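These are my notebook entries on a structure that I looked up. I ask the reader to keep the sequence and the structure open while reading.

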Protein chains: 2
Amino acid sequence: MTDLLWEGERRSGRGPKPALSLDRIVQAAIAIADAEGLGALSMQRVATDLGAGTMSLYRYVPGKEELINLMVDRVVGDPPTLDSESWRTDLRTWAHASHDVFRRHPWSLSAVTGKRSLGPNETAWAESALAALSGTGLSPAERLKVVNVVNGQVRGAAQISPGHGPVLNIEALSRPEVAQRFPSLMAVLSSDEEFDMADVFEFGLQRILDGIDALLQTRS
Amino acid sequence: MTDLLWEGERRSGRGPKPALSLDRIVQAAIAIADAEGLGALSMQRVATDLGAGTMSLYRYVPGKEELINLMVDRVVGDPPTLDSESWRTDLRTWAHASHDVFRRHPWSLSAVTGKRSLGPNETAWAESALAALSGTGLSPAERLKVVNVVNGQVRGAAQISPGHGPVLNIEALSRPEVAQRFPSLMAVLSSDEEFDMADVFEFGLQRILDGIDALLQTRS
DNA sequence: AAGTTATTGCGTATGGCATACCCTTTGGCG
DNA sequence: CGCCAAAGGGTATGCCATACGCAATAACTT
């Protein structure tokens with residue numbers, strides 16, 4: 001039944017000594033995805049990197065989908081410790097820590113979109129963000145919604161990070177008859193203002209925290 | 001040259017009458033993705049549905065990746081008209097319209113994550129959101145950052161929509177020794193409060209708009 | 001000590017996939 | 001009326017996930 005994610009590897013002593021381990025497989029898979037992206041991840045590739053036959057992997061992992069879930073939960077790791085006594089500081093720490101994960105492992109963003117099962121580490125992250133809001137007087141459902149806004153910002157910022165997100169078609173935009181249809185956009189592009197990606201994230205995060213704060217103010 | 005997205009179909013009169021068209025192909029592909037998800041989308045499948053040979057598609061589209069870009073830009077369509085005189089109302093309208101697209105075509109969320117090229121429609125959406133902020137006194141870079149926060153919320157909410165996002169492992173969470181590690185989460189799950197998904201989106205959106213408003217207040 | 005059996009590694013086979021190549025057919029233009 | 005650009009699409013290649021089965025292994029049983 002159930003879940004390698006939650007149960008971990010369980011093998012009873014009978015039979016030959018296993019040459020691999022779930023851990024080694026997951027780690028090798030992560031190394032591939034880190035270096036060459038999810039597109040380069042195949043069972044054959046993982047097996048080759050481990051010096052094993054492709055089908056041997058299936059003695060440890062039921063399939064690729066489950067492997068990716070394991071990779072995500074591994075890469076996500078433990079949530080940061082939040083002990084600042086201030087929900088705002090805690091939530092900010094949480095958001096930055098989560099953002100860091102996506103920056104270090106850009107493939108995880110794609111791995112995390114779509115239907116899938118949450119692992120223990122990811123569940124622990126949810127727990128820690130919710131716990132940070134326990135002193136705020138927000139209702140349980142509100143706390144969840146707050147966590148979701150913050151989480152949206154984390155992923156939103158990760159999604160547009162340079163080299164891993166959408167790019168404007170500069171060639172088309174450089175033709176005047178095209179450019180003229182997007183005046184506000186051109187204004188942004190031609191503004192001299194320096195554009196720091198890290199700041200995109202922090203700016204949005206602060207707006208969100210301000211918005212949450214405003215809600216709390218109306219209640220106190 | 002380059003981009004079908006921006007140039008559209010161009011074929012010169014010579015040769016046999018084309019049996020298909022870029023439009024019909026994109027539409028058929030969207031129908032498949034809508035009905036069965038991106039996973040069911042293959043060139044062979046699209047061709048079969050159109051009663052054509054697989055390779056014929058390549059007379060119209062350079063490859064699958066470009067096809068998906070075309071699907072996205074088609075599905076995204078024109079941005080809503082924003083004429084309320086209030087940036088807040090406009091941004092809310094924009095956000096809901098965008099959210100609707102993802103609700104109607106859940107596959108588009110995955111299609112939109114990762115490196116890719118923006119089409120004219122998507123660019124027009126960016127333009128329209130930026131234009132809505134023109135009267136606010138925000139700097140060009142700030143306007144872009146604001147749009148990004150809102151966009152993050154749209155996608156964040158779409159990402160957790162039921163049936164298309166992460167699901168908690170209820171089985172694991174129902175074991176006491178596991179549940180006890182996630183007290184705040186359990187509090188949310190066991191709260192009787194009704195939980196409306198549409199409200200997750202609207203709640204977060206309002207917090208964000210409040211936060212933007214707060215910034216504007218400090219400047220006026 | 002010998003047999004039993006669960007378990008492992010993994011070769012092979014299957015069926016799907018994107019797409020390169022190339023041949024045949026078509027029909028507007030010269 | 002013939003030329004040739006462009007369309008249809010069959011075939012081939014090489015990758016992929018994964019089902020199945022077999023031989024080797026080693027703990028447990030007797």
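I begin with a definition: helices (H or I, at least four residues) and strands (E, at least two) are DSSP runs, numbered from the N terminus. I note that this is a predicted model, in which local features need pLDDT of at least 70, side-chain atom pairs count only at pLDDT 80 or more, and totals for chains, interfaces and linings use all residues. Residues are numbered from 1 along each chain as its sequence is written, chains are lettered from A and ligands numbered from 1 in the order in which they are written, and side-chain values use heavy atoms, without hydrogens and water.

**Entry 1: the cavities**

I used a 1 Å grid over the protein atoms alone: a cavity is a set of points where a 1.4 Å probe fits but cannot get out, while a pocket is an open set with protein on both sides within 12 Å along at least five of seven lines. Lining residues have an atom within 4 Å of a point. Points are joined across faces, edges and corners, and a volume is the space filled by probe spheres set on them.

I found 2 cavities of 30 Å³ or more. The largest cavity has about 40 Å³, and its lining includes Gly152(A), Arg155(A), Gly152(B) and Arg155(B). Helix H8 (140-159) of chain A and helix H8 (140-159) of chain B each supply at least two residues of that lining.

For classes, I counted Ala, Val, Leu, Ile, Met, Phe, Trp, Tyr, Cys and Pro as nonpolar, Asp, Glu, Lys and Arg as charged, and the others, Gly among them, as polar. The lining of the largest cavity has no nonpolar, 6 polar and 2 charged residues.

The second largest cavity has a volume of about 30 Å³. Which helix gives the most to its lining? I recorded H8(A), with 4 residues. Among the lining residues of this cavity are Asn148(A), Asn151(A) and Ile160(B).

**Entry 2: the largest pocket**

I read a volume of about 1,300 Å³ for the largest pocket. It is lined by 50 residues, and those closest to its centre are Ser110(A), Thr113(A), Ser110(B), Ala111(B) and Thr113(B). H6(A) provides the largest share of the lining, 5 residues. By class I noted 19 nonpolar, 20 polar and 11 charged residues.

**Entry 3: DNA strand D**

I called a residue near the strand if one of its heavy atoms lies within 4 Å of it. There are 29 residues around DNA strand D, and Lys17(A), Arg11(B), Ala19(B), Met55(B) and Arg59(B) come nearest. Of the strand's atoms within 4 Å of the protein, 56% belong to sugar and phosphate.

What do particular side chains face? An N or O atom in the side chain of Arg11(B) lies 2.4 Å from a phosphate oxygen of DNA strand D, and one in Tyr58(A) lies 3.1 Å from a phosphate oxygen. For Arg59(B), the partner is a base oxygen of the strand, at 2.7 Å.

**Entry 4: the two copies**

I superposed the copies by least squares on the C-alpha atoms of residues with pLDDT of at least 70 in both. A turn of 180 degrees and a shift of 0.0 Å along the axis lay chain A on chain B with an RMSD of 0.0 Å. I therefore recorded the relation of a two-fold axis. Of the residues of chain A, Gly211(A) comes closest to the rotation axis, at 1.9 Å (C-alpha).

How values were computed: A polar contact is a pair of N or O atoms within 3.5 Å; within protein, one must be able to donate a hydrogen and the other to accept it, and residues adjacent in sequence count only if both atoms are side-chain atoms.
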